[in-house]
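Subject: Structure handover

Hello,

Here is the structure I promised to pass on. Please open it first, then read my notes below.

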Number of protein chains: 2
Amino acid sequence: MLQTDTKSRIMDAAEQLFARDGFHTTSLRGLTELANVNLAAVNYHFGSKEGLLQAVISRRLLPLNELRRQKLKTVLNQAATVGSPPPAADLLRAFIEPTLDFRNSAPGAKDFIALIGRSLSEPDETVRNYFIQQILPVFKLLFDSLQKALPDLPADILMARLQFTMGAMGHTMCSSARPKQLIPGFPAPLSDTGLVADLIRFVSAGLEAPC
Amino acid sequence: MLQTDTKSRIMDAAEQLFARDGFHTTSLRGLTELANVNLAAVNYHFGSKEGLLQAVISRRLLPLNELRRQKLKTVLNQAATVGSPPPAADLLRAFIEPTLDFRNSAPGAKDFIALIGRSLSEPDETVRNYFIQQILPVFKLLFDSLQKALPDLPADILMARLQFTMGAMGHTMCSSARPKQLIPGFPAPLSDTGLVADLIRFVSAGLEAPC
DNA sequence: GTCTATAGATTGATAGAC
DNA sequence: GTCTATCAATCTATAGAC
């Protein structure tokens, strides 16, 4: 098996541990031990623990958001050629589905998705803002597109409902990364693909609800 | 001004800091300083930092869940006398609305609501499980009631959609506790009451979406 | 019940040899 | 670039006087 370089090994371990235990709870000692690198290597390569976090986020979030942007553009272009407003469900799918596809693109991507999900409710402003800042451009594109799709929905209502959507999405990503546990008295959880498919149906219906 | 007792002052400060900074990030030193009590008082009254967390949670979550249970029962009884299944929107309202009413019931309750919201994505299993364990009975009542309200919806789909609902709710509670900040290019956020009212519309429509 | 003082462990970060 | 060794600061928890 090919041994990746030190920098990548640190990022892989960080992705895994930040997602599982949270940023603050993860110690650099445990992290470097898992990565099989020296403790001092983190500060050498990333400057600080927070610098490592930013590197871990950017590595996957930048391409993920680019994929979302492309899919949104495709939906918008299709609608433009037909001359009708883009369907809201298609726009939501373009934003949500890449998240799942992305999970299978790399071994550690699944952990990363959980890390995104958690970041929405991250207490630390630094961490949360770093995430939001990276998502904002493509989120703005989604928002503007949905305004065209649902012209009768007031902008502040749409904004609130997109917040609900992000909450549902984040929580789903977060909990689907945990080992599935059957709760007595409740049905077994859906598969990951089934979960995402129904999430899109759920938020589409929610967005189009009368107000 | 009447000075409350040591135990309450500790719990009030903990509620505030756990909600704002998270459980692990909050130090007993900062906490006892804010509460204006001695550092050792926490261990005297609550045994440990985690014991304090459990006390903080139980103090408000037990009465909140009791209120939810009562409201759900009222909806169920009304439906029973009429002889028709309970409306799903009413059931969701009975579960969600008390959360908002509760916020204004005590000075620190607003912080607590944020604490609940965050707990859903809490990495620490101990913390998360303590929350879930306390919510589970009334959540089961909601689940069973909604099965009557929506008999054609498969149980596993309903379960998934309730997860989306909890995610949307948690995220909303969490972010509405933060100081509202206007993001450039986006509309101003709704008021708290408007937000909850639309959340109920959103999740009601989502739950009843075709599958 | 409340206090001071401190134990005991763990943390992020760094200096300096190689 | 990688290592060892260590600093300086933090943390929770506790012992013991009052």
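A salt bridge here is a side-chain nitrogen of Lys or Arg within 4 Å of a carboxyl oxygen of Asp or Glu. By that rule, Arg161(B) and Asp198(A) pair through their side chains, at 2.8 Å from N to O. Between chain B and chain A the count is two salt bridges. Keep in mind that this is a predicted model.

**The interface between the chains**

Polar contacts come next. Eight residue pairs are in polar contact between chain B and chain A, with both residues at pLDDT 80 or more. On the side of chain B that touches chain A, four elements give two or more residues each: α1 (6–21), α7 (125–149), α8 (155–176) and α9 (192–207) of chain B. The most comes from α8(B), with 16 residues. Sorted by class, that side of chain B has 27 nonpolar, twelve polar and eleven charged residues.

Now the extent. Contacts link 50 residues of chain B with 50 residues of chain A. The two chains bury about 4200 Å² between them, and carbon and sulfur atoms give 69% of that area. Within chain B, the residues that lose the most area to chain A are Phe164(B), Phe186(B) and Phe202(B). Together they make up 18% of what that side buries.

**Symmetry**

How is chain B laid on chain A? A turn of 180 degrees does it, with a shift of 0.0 Å along the axis and an RMSD of 0.1 Å. That is the relation of a two-fold axis. Of the interface residues of chain B, 100% are also interface residues in chain A, so the copies meet through the same surface.

**DNA strand C**

Which residues are closest to DNA strand C? They are Leu28(A), Lys49(A), Thr6(B), Asn38(B) and His45(B), among 15 residues that surround the strand. Of the strand's atoms that come within 4 Å of the protein, sugar and phosphate account for 56%.

Three of the phosphate distances:

- Leu28(A): a polar backbone atom is 2.8 Å from a phosphate oxygen of DNA strand C.
- His45(B): a polar side-chain atom lies 2.9 Å from a phosphate oxygen of the strand.
- Asn38(B): a polar side-chain atom lies 3.0 Å from a phosphate oxygen of the strand.

Both chains supply this surface. From chain A, α2 (28–35) and α3 (40–46) each give at least two residues, as does α3 (41–46) of chain B. By class, the surface near DNA strand C has five nonpolar, seven polar and three charged residues.

Best wishes

Key. Residues numbered from 1 in each chain as written. Chains lettered and ligands numbered in written order. Predicted model: local features only at pLDDT ≥ 70, side-chain atom pairs only at ≥ 80, totals over all residues. Heavy atoms only, no water. Contact = heavy atoms within 4.5 Å. Buried area = accessible area lost by both parts, 1.4 Å probe. Polar contact = N/O pair within 3.5 Å; in protein donor to acceptor, adjacent residues only side chain to side chain. Nonpolar A, V, L, I, M, F, W, Y, C, P; charged D, E, K, R; others polar. Least-squares fit on C-alpha atoms with pLDDT ≥ 70 in both. Near = heavy atom within 4 Å.
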